[in-house]
Amino acid sequence: RRPKNFPPGPRPFPIFGNLLQLNLENPISDLNKLSERYGKVFSFFFGGRPAVIISGLQPMKEALVTKSVDFAGRPNGLLLTHLTQGKGVIMADYGASWREHRRFALMTMKNFGLGKQSMEERILGEISHVSSILERNHGKCIDPQTLFHNAACDIICVILFGHRYDYEDSFFQAMVTMMAENSKIANGPWGMIYDTLPLLRSLPLPFQKAINDYNTVKLHTLGIVEQHKKTRVPGEPRDIIDCYLDEIEKRNQNGSLFDEDQMASFLLDLLFAGTDTTSNTLRTSFLYLMTHPEVQERCQKEIDEVLGEKLEASFEDRHRMPYTQAMIHEAQRVANTLPLSVFHCTIKDTELMGYKIPKGTLIIPNLSSVLNEESQWKFPHDFNPSNFLNDEGEFVKPEAFIPFSVGPRMCLGEGLARMELFLILVTLLRRFHFFWPEDGGVPDYTPVFGVTQAPKPYRLGVRLRGRQGCDGTVGTKQRVN
Ligand code: HEM
């Protein structure tokens, strides 16, 4: 039964609720259709649990910005909550522990930007590995999935653990695969089944694998923490683990919110949240760049002009590259990487667009609906960097650009992700030309749904550029790390 003045929605069935009305392989278009029928704020039963789905910019802002605190909780009883035990940041309840861990993460990541080796240097170091692999594949077509996953994961590893792994390292390979698979399970159909039908949770279904894999990565992470304890110098952090250990000591008191169990979940949060997201966005970017050669060439022209003889790109250069900036934002818009964000939950009785929403209601922000909202974009259904350019060709960011969500729970890795996307795309576009393989068939842009949505597998054609900036002199020198 829907509570009084609850948002309207389709009639639920016993046990399953409205679950059978969704194509679990790709629920977005079904949710959009339901929104057309019932309104921008409508309800839906996941099993016996009522959820409110929010579509469109205006209600999204009312919920996540104007009434941000009311909507800032995370739901209990989901696979993701069970994996993390509600610790760390992503699935933590809205409260002191979440707040302090979030603040700590933002502060330490910012300080790494100022430390001995800046965040930018760490990212550029990783890019040199990607570049040399692409160089070895000059003239060939490769599957970019593993390469970008490795690179994104290694950037996070350097920040968290202080060292990068060889892409061939067996544990690293296992970890990257586990993360990609876990992400598919956790918010794919199996995740939804786990979340809505508790009776099935003890059966040997794929979500058991997600739980085992998560625990394997956690154990390994705790092993790295143990090594850090032996080699660290208090007050001289090399990475986030050292910072966290310093913080535990600083707060050395009963009931401290910082302990090793929290640390493990916190580290895994950053590892999981920072790998698939960035790597899937990169894969979408290259899919569109290959199939829109005019956009690729215009970016390369701008990059060549702005960087000139400079050895490497820096994040500051973005201010002089309006077209490339527009392309990157447009790629993020169409990538629609977290289409349903991370689920929220109301922490008190509240109202939205005149409807009453009780405390504890599951909230699903349909970010996808805003990134494609017809009234908000010049070209909502195309890949067109002009969505981010004004009549003077200057870069502008529309209010509806919310791939990182909005409000107090918005992505805390936004700064890092934007730096990674810019430096990786600019460096690779400067040095390589990317082409759609002759035998690649018709490009299929339909994404594969998941917590983090990804493009369908494709092959990336790579050729070294022979023009200025890429002729073996400028911009081709290898970094020495
Ligand atoms: C293109 C890349 C990325 C995208 C599109 C993205 C998007 C998002 C979105 C939509 C959320 C949910 C916000 C909400 O619940 O309202 C989120 C949360 C989060 N993201 Fe990201 N993210 C990206 C990269 C990263 C990176 C690189 C990191 C870490 C280093 C990161 C760490 C987190 C964390 C910890 C949260 C939970 C925040 C909280 O609950 O307070 N993300 N992200």
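Here are some notes on the predicted model above, taken point by point.

1. Let's start with the ligand. Its shell holds 26 residues, and the closest are A273, G274, S405, C411 and G413. By character, the shell splits into 14 nonpolar, nine polar and three charged residues. If you're setting up a pocket definition, those are the counts to check against.

2. Which helix gives the most to that shell? It's α11, with seven residues. Helix α11 runs over 260–291, and α15 covers 414–431; each of the two supplies at least two residues of the shell.

3. C411 deserves its own paragraph. It is among the closest residues to the ligand, and the UniProt record, an unreviewed entry, lists C411 under "binding site". Keep in mind that such annotations may be inferred rather than shown by experiment. In the model, C411 sits in the loop between α14 (367–371) and α15.

4. Is C411 buried or exposed? It counts as buried, because it has 20 C-beta neighbours inside 10 Å, and the cut-off for buried is 20 or more. Leaving aside residues up to four places away in sequence, C411 touches F404 and S405. S405 also turns up in the list of residues closest to the ligand.

5. Now the sheets. One is an open sheet of three strands, ordered β3-β11-β8, with antiparallel pairing. β3 (141–142) and β8 (432–435) stand at the edges; each has a single partner strand, so one side of each is left without a neighbour in the sheet.

6. Here is how that sheet is stitched together. β8 and β11 (residues 460–464) pair in the antiparallel sense over four bridges, and F432 stands opposite L464 in β11. On the other pairing, β3 and β11 are antiparallel over two bridges, with L460 of β11 as the bridge partner of I142.

7. The other sheet to look at is also open, with four strands in the order β1-β2-β7-β4 and mixed pairing. Its edge strands are β1 (41–46) and β4 (344–345), each of which pairs on one side only. Inside it, β2 (residues 49–55) and β7 (residues 362–366) pair in the parallel sense over five bridges. For a landmark, V52 stands opposite I363 in β7.

8. Helix α6 (residues 144–161) is a handy geometry check. How far apart should its ends be, at 1.5 Å a residue? The 18 residues should span 26 Å, and the end C-alpha atoms are 25 Å apart, so the two agree. The 26 Å comes from multiplying 1.5 Å by one less than the number of residues.

9. Staying with α6, the helix is mostly covered, with 16 of its 18 residues buried. What follows the helix is G162, whose phi is positive, near 80°.

10. Last, D304. This residue belongs to helix α12 (residues 293–307). With 18 other C-beta atoms within 10 Å, D304 comes out as partly exposed, because buried would need 20 or more and exposed 12 or fewer. D304 and S375 are 71 residues apart in sequence, and their C-alpha atoms are 35 Å apart in space.

Notes. Residues are numbered from 1 along each chain as its sequence is written. This is a predicted model: local features need pLDDT of at least 70, side-chain atom pairs count only at pLDDT 80 or more; totals for chains, interfaces and linings use all residues. A residue is near a molecule or strand if its C-beta atom, placed from the backbone, lies within 6 Å of it. Ala, Val, Leu, Ile, Met, Phe, Trp, Tyr, Cys and Pro count as nonpolar, Asp, Glu, Lys and Arg as charged, and the others, Gly among them, as polar. Two residues are in contact if their C-beta atoms, placed from the backbone, lie within 7 Å. Two strands pair if DSSP finds at least two bridges between them.
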